[in-house]
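Here are my notes from going through this one, as numbered points. Have the coordinates open while you read.

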Amino acid sequence: MRLDTVVKFYSESERHYDPKAHGYVGGVTLVATVMANITELGTNRSTELLGSYTANSKVVRLVDSVPPKWSYLMIGDIDKKYRLQTSRQTQKMTSLLVGEG
């Protein structure tokens, strides 16, 4: 398995609603940058795990541990946010099932 893709984890924990400004204030913080193996989630497996076919779901495999608090991740140089759907921890690696959102 090749860890050939950069994955960046971001946190929105500092972002909060300000009633005086009538909107959200604060920023997004880069929590960690790790190398990972990324694969597409097939139609059959998506139906088994999620109960329906979800387009653009990906499996992210990491050798490093996942940061404790993160809101979304971005894969490579693509400007799409992926949110956690489910995760699995084994002795050797962590697998995350993420979807656009």
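1. Let's start with E100, bearing in mind that this is a predicted model. The residue counts as partly exposed because its relative accessible area is 38%, and its place is in strand β8. Leaving out residues up to four places away in sequence, E100 touches N56, K80, K81 and Y82. One more distance to have at hand: the C-alpha atoms of E100 and Y72 are 9.5 Å apart, with the two positions 28 residues apart in sequence terms.

2. Which residue forms a salt bridge with E100? That would be K80, with 3.4 Å between the closest N and O atoms. The pair links distant parts of the chain, 20 residues apart: E100 sits in strand β8, whereas K80 is in the loop between β6 (72–75) and β7. The two side chains also show up as a polar contact, again at 3.4 Å. K80 is partly exposed too, because its relative accessibility is 36%, and both values fall between the 20% and 50% cut-offs.

3. How many salt bridges does the count come to? Three. Another of them joins E40 and K58, where the closest N and O atoms are 2.3 Å apart. E40 belongs to strand β4 (residues 29–40) and K58 to strand β5 (residues 58–62), so this pair ties together parts 18 residues apart in sequence. The burial of the two partners is worth a look: E40 is exposed because its relative accessibility is 53%, while K58, at 13%, counts as buried.

4. Then there is the salt bridge between the side chains of E12 and R83, at 3.7 Å from N to O. Here the partners are 71 residues apart, with E12 in the loop between β1 (5–11) and β2 and R83 in strand β7 (residues 82–89). Is E12 buried or exposed? It is buried, because its relative accessible area of 18% is under the 20% cut-off. R83 comes out as partly exposed, at 29% relative accessibility.

5. Back to strand β8 (residues 94–100), where T94 is found. With 4% relative accessibility, T94 counts as buried. Its side chain makes a polar contact of 2.6 Å with the side chain of Q89. Setting aside neighbours within four places in sequence, the contacts of T94 are V60, R61, L62, D64, V66, R88 and Q89. So Q89 turns up both in the contact list and in the polar contact, by the N or O atoms within 3.5 Å rule.

6. Last, a backbone point. What is the phi of H22? It is positive, about 60°, although the residue is not a glycine. That deserves a remark because most residues other than glycine have a negative phi. As for where to find H22, look in the loop between β2 (16–18) and β3 (23–25). H22 counts as exposed because its relative accessibility is 66%, over the 50% cut-off.

Methods: Residues numbered from 1 in each chain as written. Predicted model: local features only at pLDDT ≥ 70, side-chain atom pairs only at ≥ 80, totals over all residues. Heavy atoms only, no water. Helix = DSSP H or I, 4+ residues; strand = E, 2+ residues; numbered from the N terminus. Buried < 20%, exposed > 50% of the residue type's maximum accessible area, 1.4 Å probe, protein only. Polar contact = N/O pair within 3.5 Å; in protein donor to acceptor, adjacent residues only side chain to side chain. Contact = heavy atoms within 4.5 Å. Salt bridge = Lys/Arg side-chain N within 4 Å of Asp/Glu carboxyl O.
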